[in-house]
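Please read these notes with the structure open beside you. They go point by point, and each point covers one topic.

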Amino acid sequence: MAKAVAALVAASFLILLLAFPTVFATDYVVGGPSGWVIGPDYGIWAENFKFKVNDTLTFKYEARLHQVDEVSKRDYINCNSNHPIKNYKGGNNKITLSKPGSYFFLCPTPRHCQLGMKLALNVS
């Protein structure tokens, strides 16, 4: 009986450890209170955080003015939105950072990326 209780306690502890990243995931509103707009330096904004797998990014913006494209590093550098990995519309998008690595986002509205509406971040 004692072995069964010890096994149950160990199994419960293991389940808690596996759930830990999900339970403590953080939701980041991109750009803070300003949201996804022309003006902020999103590189400086991202430097304030350590992004982890299962964290989420919430992009809040005026839907008639902006969108969000997830793009490759090359397209990010060149402000090219012709081949997005994924496009988000609607003004309120929640994106889960589902794996470690680099993520790149930009606004595909003409000239917005060149005016600074782009975000690169690393997820550990």
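1. Salt bridges. The model is a predicted one, and it holds three salt bridges. One of them joins Asp27 and Lys94, whose closest N and O atoms are 3.1 Å apart. This pair links distant parts of the chain, since Asp27 sits in strand S1 (residues 27-29) and Lys94 in strand S5 (residues 92-96), 67 residues apart. Asp27 is partly exposed, at 38% relative accessible area, while Lys94 is exposed, at 53%.

2. The other two pairs. Lys52 and Asp55 meet through their side chains in a salt bridge, with 3.6 Å from N to O. Is Asp55 buried or exposed? Its relative accessibility is 0%, so Asp55 counts as buried. Lys52, at 33%, counts as partly exposed. Glu62 and Arg64 form a salt bridge as well, and their closest N and O atoms are 3.5 Å apart. Here Arg64 is exposed, with 68% relative accessibility, and Glu62 is partly exposed, with 41%.

3. The sheet. Four strands make up an open sheet, in the order S4-S3-S6-S7, and their pairing is antiparallel. Which strands are at the edges? They are strand S4 (86-88) and strand S7 (118-123), each of which pairs on one side only. On average, neighbouring strands of this sheet are turned by 20° against each other, direction ignored. As background, strands of a sheet pair through backbone hydrogen bonds, in a parallel or an antiparallel way.

4. Pairs within the sheet. Three bridges hold strand S3 (residues 68-70) and S4 together in the antiparallel sense. To find one of these places in the view, look for Val68, whose bridge partner in S4 is Tyr88. S6 and S7 also run antiparallel, and six bridges join them. In this pair, Lys118 of S7 stands opposite Leu106.

5. The two faces of S7. Which residues of S7 lie on its covered face? They are Leu119, Leu121 and Val123, whereas Lys118, Ala120 and Asn122 make up the uncovered face. Leu119 appears again in the next point, as one of the residues with the most contacts inside the largest nonpolar core.

6. The largest nonpolar core. This core has 21 residues, and those with the most contacts inside it are Trp36, Phe51, Leu57, Phe59 and Leu119. Helix H2 (42-47), strand S2 (56-60), strand S6 (101-106) and S7 each supply at least two of its residues. Phe59 is a useful place to start looking: leaving out residues up to four places away in sequence, Phe59 touches Val30, Trp36, Val68, Gly91, Asn92, Asn93, Ile95, Phe105 and Leu119. In general, nonpolar side chains tend to be buried together in soluble globular proteins.

7. The second core and the disulfide. A second core, separate from the largest one, has six residues, among them Val71, Cys79, Phe104 and Cys113. Two of these, Cys79 and Cys113, form a disulfide, with their sulfur atoms 2.1 Å apart. There is one disulfide in the structure. The link is left-handed, with -70° about the S-S bond. It connects distant parts of the chain: Cys79 is in the loop between helix H3 (73-77) and S4, and Cys113 is in the loop between S6 and S7, 34 residues apart. Both Cys79 and Cys113 are buried.

8. The unpaired cysteine. Where is the nearest cysteine sulfur to Cys107? That sulfur belongs to Cys113 and is 8.5 Å away, and Cys107 is in no disulfide. A disulfide needs two cysteine sulfur atoms within 2.5 Å, so a distance of this kind does not qualify. Cys107 counts as buried, at 1% relative accessibility.

9. Backbone angles to check. Most residues other than glycine have a negative phi. Cys79 is not a glycine, yet has a positive phi of about 50°. This residue is in the loop between H3 and S4 and counts as buried at 18% relative accessibility, because the cut-off for buried is under 20%. Arg111 is also not a glycine and has a positive phi of about 75°. Arg111 lies in the loop between S6 and S7 and is exposed, with a relative accessible area of 56%.

Technical notes:
Residues are numbered from 1 along each chain as its sequence is written. This is a predicted model: local features need pLDDT of at least 70, side-chain atom pairs count only at pLDDT 80 or more; totals for chains, interfaces and linings use all residues. Side-chain values use heavy atoms; hydrogens and water are left out. Two strands pair if DSSP finds at least two bridges between them. Axes are lines fitted to C-alpha atoms, for helices over the stretch in contact, and angles run from 0 to 180 degrees between N-to-C directions. A salt bridge is a side-chain nitrogen of Lys or Arg within 4 Å of a carboxyl oxygen of Asp or Glu. Buried means under 20% relative accessible area, exposed over 50%, partly exposed in between (1.4 Å probe, protein chains only). A nonpolar core is a set of buried Ala, Val, Leu, Ile, Met, Phe, Trp, Tyr and Cys residues joined through side-chain atoms within 4.5 Å. Contact means heavy atoms within 4.5 Å.
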